[in-house]
Amino acid sequence: MRMLYRFLQSINPIKIALICGSVLFSCVLIALNTIGVLPLALGDFVFFSGVIFLCALYRPGWAFLFFIGLLPFEIVSVAPKEIGVLLRPYQWVGTLTLAATMTRFLGGRLPFALPRVHRLDMLLPVLWVGSVIAVLGAPDRGVSLKQSAVLLSFIALYALVRIFIRNASDVKNTVVFFLGSGMIVSLYALWQNIRFAQGMDAFEVMAGRPNSVFAEPDWLGVFLAICISAVYAMLFAYRKPRVYEGDVLKLLGIASPIALKARHITVGALYALLALLYVALLLSVARSAWLSVALIAIVATFAVLTEGAWLDVSQWKWKRGFVYAVGIFGTFIASLLLVFSLHLTSFRLLDRASSTASGLQRITIACQGDIALPQSIASADELAAYGCRHIDLEEKESAASAGEVVKEIDRDDPNVSIRKSIYAKTFSLIREHFFTGIGFGSVATFLGNDERGTGLNTSNIFLEVWLGSGLLGLMALLIIWLSIGIVSFRRFALLRARPDVAAVYLFLFLSWLGLSIFNLFNAGIFLGFFWAWLSVAVSFVHKRL
């Protein structure tokens, strides 16, 4: 009883309340958006903006933590329709927090100094200036100028993160809020697919592929990849029993002898969260994110095995590497079996994964008779010549009961041909606008729209920036990007004796690797969590050891 009493006395109610409040706020936003309450009415928007500003003025650090928890919310808009602007929750809270922070700074009431502006920070205004110059060559200057303003707002949020996250302690204090949002996002994605499996409205943009609070399932996939990188890095920090610096219970505000002995509980909680993230990632069917996580897992395992001694085999920790690999890969296998056993998706996940390498997709077809078919076809349009049609898995029973013969056949992955066409048109545009580009938001004018009517992008973040911000912007992004990868890799090896700091650099390198792979096939430049990650990465690149 005495130990329990001391344990309860050690709990920090403020930290517990902040974490619970962030999770609850996320749940409320999802519920309000689902039932159509959002966006807010003009009067409500003004009132709540005032309340948030005053709260941020009182405790800017608390408001910032809520901002971190809201980073995934990309399809939720809070601004009234009268304003005519799509304002995401993290932009809302982040802008007000930045305004409150600067108000306190100008009034001399900010309890800490603002961070120094470093060389890589100065490249972001260069990226923005390039986007403004590119407006001159844009087919729709109004759209491109608006996108340049959006880019400037993301740079402002980048500055906000630079103010509040500067060292490993800051990262550890915010990672709980970030992973808390990852948990909510994953649960919502799981809920979407359960409703889809039951034939109910799943609020998905693509049938059978949850997008959670993102505009597309692919964006959900890359967000989950970053969350998984964070979990991998935290598990790395726990590779030795004496390491408790990142203890989740301690981060929750519980500092007692009981908390210091709770390593196994913490590791168990991390594996449970990892399983949930894996399930949501599998359901998203985001193959580029799958590829990213597969590479991240291999590199993370090698990092634990070598602990930075990459070439010195005599110093490798074979047992720790084996235990770590069994943990993360075993959790993945368990998650995969869970998805299959509960029939959480109608997609053939193994076929989808293999199609990444083979370029072929296995599809289900219904034919008028049992006729001979080729081993593979170029597109579903060829099926009509054989008296067949492409059907969904849910239609197999109805097609069979109608007397049709249900079969399976391989077809060329349509995404491959689509991307080839996109890249061909993109490089043609780059040749015509090599130096200045055509401005952000203008690419869809030349590439067209997908089957949902959404404008296509270049499917590559570097090509997107080249066209959106010209050669000037591309060079700025490449310098920043390569600096993050090189420095995080080198410093992880140098800091293996300091596991808490080394874990941060491992997270940065793993997430950098995942984002690099993902963005070779996507253009996720206007995403809030991307800019928050970029800010943290640049901060640690410039950090003196």
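A cavity here is a set of grid points where a 1.4 Å probe fits but cannot get out. Keep that in mind as you work through these exercises on a predicted model.

**Exercise 1. How many cavities of 30 Å³ or more are there, and which residues line the second largest cavity?**

Solution. Start with the count: by the rule above there are three cavities of 30 Å³ or more. Next, take the second largest cavity, which holds about 40 Å³ of space. Its lining is made up of V299, A303, W310, S488, F489, F492, Y505, L506 and F509. Now assign these to elements: α13 (287-306), α19 (461-494) and α20 (499-518) are the ones that give two or more residues to this lining. Finally, sort by class: the lining of the second largest cavity has eight nonpolar residues, one polar residue and no charged ones.

**Exercise 2. What is the volume of the second largest pocket, and which element gives the largest share of its lining?**

Solution. The volume of the second largest pocket is about 450 Å³. Its lining counts 20 residues, and F25, F48, V51, I52 and V93 are the closest to the pocket centre. Moving on to the elements, at least two lining residues come from each of α2 (13-34), α3 (42-58), α4 and α5. Of these, α3 gives the largest share, with six residues. The class tally for this pocket lining is 19 nonpolar, no polar and one charged.

**Exercise 3. Why are α4 and α5 described as roughly antiparallel?**

Solution. First find the two helices, α4 at residues 60-69 and α5 at residues 89-106. Their axes lie 9 Å apart, at an angle of about 160 degrees. Angles over 145 degrees count as roughly antiparallel, and α4 and α5 therefore fall into that group. The crossing of α4 past α5 is left-handed. Then look at the side of each helix that takes part: α4 brings P60, A63, F64 and F67, while α5 brings Y90, V93, G94, T97, T101 and R104. Sorted by class, this contact has six nonpolar, three polar and one charged residues. You have met one of these residues already: V93 is also among those closest to the centre of the second largest pocket.

**Exercise 4. At what angle do α20 and α21 cross, and which residues meet there?**

Solution. Helix α21 spans residues 528-542, and its axis comes within 11 Å of that of α20, crossing at roughly 135 degrees. That angle makes α20 oblique to α21. In handedness, α20 passes α21 in a left-handed crossing. On the α20 side, the residues are V504, Y505, F507, L508, S511, W512 and L515. They meet F530, W533, V536, A537 and F540 of α21. By class, eleven residues of this contact are nonpolar, one is polar and none is charged. Here too is a familiar name, since Y505 also lines the second largest cavity.

**Exercise 5. Where are the cis peptide bond and the positive phi of S212?**

Solution. Begin with the background: most residues other than glycine have a negative phi, and most peptide bonds are trans. Then go to the bond that joins L38 and P39, which is cis, with omega about 0 degrees. P39 sits in the loop between α2 and α3. For the backbone angle, turn to S212: its phi is positive, about 55 degrees, although S212 is not a glycine. You will find S212 in the loop between α8 (168-197) and α9 (217-237).

Definitions and conventions. Residues numbered from 1 in each chain as written. Predicted model: local features only at pLDDT ≥ 70, side-chain atom pairs only at ≥ 80, totals over all residues. Heavy atoms only, no water. Axes fitted to C-alpha atoms, helices over the stretch in contact; angles between N-to-C directions. Helix = DSSP H or I, 4+ residues; strand = E, 2+ residues; numbered from the N terminus. Parallel < 35°, antiparallel > 145°, perpendicular 65-115°, else oblique. Left-handed = near helix turned anticlockwise from the far one by under 90°. Contact = heavy atoms within 4.5 Å. Nonpolar A, V, L, I, M, F, W, Y, C, P; charged D, E, K, R; others polar. 1 Å grid on protein atoms, 1.4 Å probe; cavity = no way out; pocket = protein on both sides within 12 Å on 5 of 7 lines; lining within 4 Å. Points joined across faces, edges and corners; volume = space filled by probe spheres on them.
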